[in-house]
Amino acid sequence: MAQNKINKLELTWIGKEEEPAALEPRLLIDTPEYSFGEVETGTLPNGKQWPGNMLIHGDNLLALRALEENFTGSVKCIYIDPPFNTGSRIDADGKEIGYDDGIEHSTWLNMMYSRFQILHRLLREDGALFVHLDDNESDYCKVILDEIFGRNNFMNRVTIDARSPSAFSTVNPGMFVASEHILFYAKNRSKLVENRVRTVRNPDYAYNKFILNYEKGYENWEFIPLLEAFSKFGKVRSDNPEAILKSYNKFIIENADRICRYTAISDSGAGQQVIELKKLSLINQDKIFKLERSEYDDIFIINGQQIAFYSKNIHIIDGTPQATKLLTDIWTDIAWEGIAKEGDVTFKKGKKPEKLLKRCIELATSSSEDIVLDSFLGSGTTAAVAHKMGRRWIGIELGNHAYSHCVHRLSKVVAGNDQSGISKSQNWKGGGGFKFYELAPSLLNHDKYGNLIINKEYNADMLAAAMAKHQGFTYSPDKDIYWEQGHSSEHDYIFTTTQLVTAEMLGTIHEQMDEDDSLLICCSKFQPECRNKYPNITIKKIPKVLLDTCEFDRDDYSLNIVSVPDIEDEEREDFDPDGEFTEENNPTLFDE
């Protein structure tokens, strides 16, 4: 690690100081043939439109860039399970292709650093990030997350027991790796409300007293040992020790409101009323004193000690009352065994249990309007869990399993046909829907002369939408005023056309504009007299206006993390305004 000029401790590596490529803000193309169900739209926290749950196929760095314009500051929870950089190359079917999970260390850091920067911008101020890794990169990843998110926004490093005994990885002779890690960060720790989550535990046998005459009021309570109560009232139909223990634990849960123990009362920590009752109870031995409280449970005191009830440890988990404890940073209660067929998809060495995702989402979200994002969607677990929990979601996947796994799995979730994973605990019966999006190709690509020209796959509407996005405008064509294709403020508009813009056309547009309107016109060519004709109209040529804005004609920033599938797109009408845009056949195009 090195110290920079402002004395900020940070991690450095080969390539970090290089100027990152300016990413092209791509369009997302709605692809109905892979969409499914009834999509619920709405409004985002920033006031823009929520288009409904989104499944995006394409390079995740470009896809994240495509989301920035509308979703900056809108995502509540991000969970990602990026490549662990272990050296293996395993695809969704266990074959030695697909994930290149062993790229050079500095390359892995560069890949993640650029993505974390966009993820940070997408998060709400009260949002949270969960990054799932193993020991190969987790320590380095924490340092770059400290740099981007701020060390004070680090919430916890969760250690997960993530291997069955048959799947241990050998580190040294006699030592096996069974753990993975989740790095948990807040966008702004002071604004994140971390929800209290409880986990299942064995009953606490320190609660060893049982109350008789419970129904007759506290003045008549009698206390007997819990074991005595169990032998007297418990229903045991077996001599098997395991069956007896199971019946005993069930008895504790069912009678939790009358099972208790005595706890000490601190003279410095308890309130004045509690201290006074403590003194009275020491004078009046074996008499129960009660302090009624409106906001909290009543307090019962006997012989200078408080009566603590086991019912405080009983909560509903997965639909049934269970003995619980508060969540810690070590998670050993989520089984990896049995998840192979969750969602009816197989994804060897990459799949995560739905219960794991449920816990992360529970910690950071609470509303049906909260958005959950996963930009390494894999088999679709994050989106499936978010959907079953009634959250909005965005999933991004570059690999072919966007079709073979994610669409298949999420369609079954929407239809209510997926009863695996958390479905039963969530009482999931189906509903909702999602839209499938393809990442649009680059707006400009190279012709046979090596010049960047407008991509022929772009029709007029796509071109107008792309130009609006490139220039920072919201694409929203007016039904009546053809030149109002998008806006950046109430009176700032953009108009994109492939026609020759004449002085006469410009004059007609100017007559329709209000006094405080301004207009940016992007066109293929215009008459010289149009230049600077009106102070509130700026006219620029395509693609001249774009050439220095970002990197074009690159569709894969995955650094060989995932092989890009060769997928046939449906035929589209070619769009070729005025032929190829090259300096050779359009000598004036590239003039200022």
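**Exercise 1. In which sense, and over how many bridges, do S14 and strand S22 (residues 320-326) pair?**

The model is predicted, so local features need pLDDT of at least 70, side-chain atom pairs count only at pLDDT 80 or more, and totals for chains, interfaces and linings use all residues. Residues are numbered from 1 along each chain as its sequence is written, and side-chain values use heavy atoms, with hydrogens and water left out.

Step 1. Strands (E, at least two residues) and helices (H or I, at least four) are DSSP runs numbered from the N terminus, and two strands pair if DSSP finds at least two bridges between them.

Step 2. S14 and S22 pair in the antiparallel sense, over 3 bridges, and Arg198 stands opposite Leu326 in S22.

Step 3. The open sheet to which they belong has 3 strands in the order S14-S22-S21, with antiparallel pairing. S14 and strand S21 (314-317) stand at the edges with a single partner strand each, so one side of each is left without a neighbour in the sheet. From one strand to the next, the twist averages 65 degrees.

**Exercise 2. Describe how helix H8 (residues 381-388) and helix H9 (residues 401-415) pack.**

Step 1. Two packed helices are described by the angle between their axes and the distance between the axes. Axes are lines fitted to C-alpha atoms, for helices over the stretch in contact, and angles run from 0 to 180 degrees between N-to-C directions.

Step 2. For H8 and H9 the angle is about 10 degrees, and the axes are 9 Å apart. The two helices are therefore roughly parallel to each other, a label that applies to angles under 35 degrees.

Step 3. In the contact (heavy atoms within 4.5 Å), Thr381, Ala383, Ala384, His387 and Lys388 of H8 meet Arg409, Leu410, Val413 and Val414 of H9. These residues divide into 5 nonpolar, 2 polar and 2 charged, where Ala, Val, Leu, Ile, Met, Phe, Trp, Tyr, Cys and Pro count as nonpolar, Asp, Glu, Lys and Arg as charged, and the others, Gly among them, as polar.

Step 4. Lys388 and Arg409 also appear in a network of salt bridges that links Glu354, Lys388, Arg409 and Asp418.

**Exercise 3. For the salt bridges of Glu125 with Lys187 and of Arg258 with Glu215, state the distance, the sequence separation and the burial of each partner.**

Step 1. A salt bridge requires a side-chain nitrogen of Lys or Arg within 4 Å of a carboxyl oxygen of Asp or Glu, and the structure holds 24 of them.

Step 2. The side chains of Glu125 and Lys187 meet at 3.7 Å, N to O. Glu125 lies in strand S9 (residues 123-133) and Lys187 in the loop between strand S13 (179-186) and strand S14 (198-200), so the pair ties together parts that are 62 residues apart in sequence. Glu125 is partly exposed at 39% relative accessibility, whereas Lys187 is buried at 13%; buried means under 20% relative accessible area, exposed over 50%, and partly exposed in between (1.4 Å probe, protein chains only).

Step 3. In the salt bridge of Arg258 with Glu215, the closest N and O atoms are 3.2 Å apart. Arg258 lies in the loop between helix H5 (241-254) and strand S17 (259-264), and Glu215 in the loop between strand S15 (209-212) and strand S16 (222-225), so the pair ties together parts that are 43 residues apart in sequence. Arg258 is buried, at 15%, while Glu215 is exposed, at 62%.

Note on methods: Angles under 35 degrees count as roughly parallel, over 145 as roughly antiparallel, 65 to 115 as roughly perpendicular and the rest as oblique.
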